[in-house]
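Q: Please take a close look at one part of this structure for me. I would like to see what surrounds the bound ligands, and how that part sits within the chain.

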Amino acid sequence: MVLDNKENSVKCTCPNCPSYNECMSQKTELLYCAKEKTSCEVKSDGCVCPTCPVYAENDLNRMYYCRTGK
Ligand code: SF4
Ligand code: SF4
């Protein structure tokens, strides 16, 4: 389980992701792997989760957490 905390939020690479859009940015959403999915519409333009430190540290194995939630 990924902890929903400041430390992990700072590491989250979602803002650098091609699928991260204006809607998500305006809601300042982050750390979807520890939260519910976004209410924004998301086009699957790639997912950079596998390059994120939180991904490795928590042995994650999925992608597009913004669409599925934790
Ligand atoms: S969960 Fe994956 S696809 Fe969604 S914004 Fe973050 S890095 Fe991009
Ligand atoms: S694994 Fe994806 S959703 Fe989770 S912190 Fe990293 S970039 Fe964000």
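A: Here is a walk from the whole chain to the ligand shells, then to the core and one loop residue.

Keep in mind that this is a predicted model. Start with the overall build. The chain has four helices and zero strands. Along the sequence the pattern reads α-α-α-α. The radius of gyration is 11 Å, close to the 11 Å from the globule rule for 70 residues, so the chain is as compact as a globular protein of that length. Its C-alpha atoms fill a box of roughly 25 × 20 × 20 Å along the principal axes. Of the 70 residues, 26% count as buried. Look at the contacts with a separation of 6 or more: residues 24 or more positions apart account for 65% of them.

Now the ligands. Around ligand 1 you find Cys14, Cys17, Ser19, Tyr20, Tyr32, Cys47, Val48, Cys49, Met63, Tyr64, Tyr65 and Cys66. Eleven of these shell residues are nonpolar, one is polar and none is charged.

Turn to ligand 2. Its surroundings are Cys12, Thr13, Cys14, Leu31, Tyr32, Cys33, Cys49, Cys52, Val54, Tyr55, Leu60 and Tyr65. By class, this shell has eleven nonpolar residues, one polar residue and no charged ones. Compare the lists. Cys14, Tyr32, Cys49 and Tyr65 appear in both shells.

Next comes the core. The largest nonpolar core has 16 residues. Cys12, Cys14 and Tyr32 have the most contacts inside it. The elements that give two or more residues to this core are α3 and α4 (65-68). Follow Cys14 a little further. Beyond its neighbours within four places in sequence, Cys14 is in contact with Tyr20, Leu30, Tyr32 and Cys66. Among these partners, Tyr20, Tyr32 and Cys66 also belong to the shell of ligand 1.

Finish with a residue in a loop. Ala34 lies between α2 (22-26) and α3 (53-57). Ala34 has 19 other C-beta atoms within 10 Å, and a residue needs 20 or more to be buried, so Ala34 is partly exposed. Setting aside neighbours within four places in sequence, Ala34 is in contact with Val2, Leu3, Asp4, Asn8 and Lys70. Gly69 is another residue to check against Ala34. The two are 35 residues apart in sequence, and their C-alpha atoms are 7.3 Å apart in space.

Terms used
Residues are numbered from 1 along each chain as its sequence is written. Chains are lettered from A and ligands numbered from 1 in the order in which they are written. This is a predicted model: local features need pLDDT of at least 70, side-chain atom pairs count only at pLDDT 80 or more; totals for chains, interfaces and linings use all residues. A residue is near a molecule or strand if its C-beta atom, placed from the backbone, lies within 6 Å of it. Ala, Val, Leu, Ile, Met, Phe, Trp, Tyr, Cys and Pro count as nonpolar, Asp, Glu, Lys and Arg as charged, and the others, Gly among them, as polar. A residue is buried if 20 or more other C-beta atoms lie within 10 Å of its own, exposed if 12 or fewer, and partly exposed in between; C-beta atoms are placed from the backbone. Two residues are in contact if their C-beta atoms, placed from the backbone, lie within 7 Å. A nonpolar core is a set of buried Ala, Val, Leu, Ile, Met, Phe, Trp, Tyr and Cys residues joined through C-beta atoms within 7 Å. The radius of gyration is taken over C-alpha atoms; the globule rule is 2.2 Å times the number of residues to the power 0.38.
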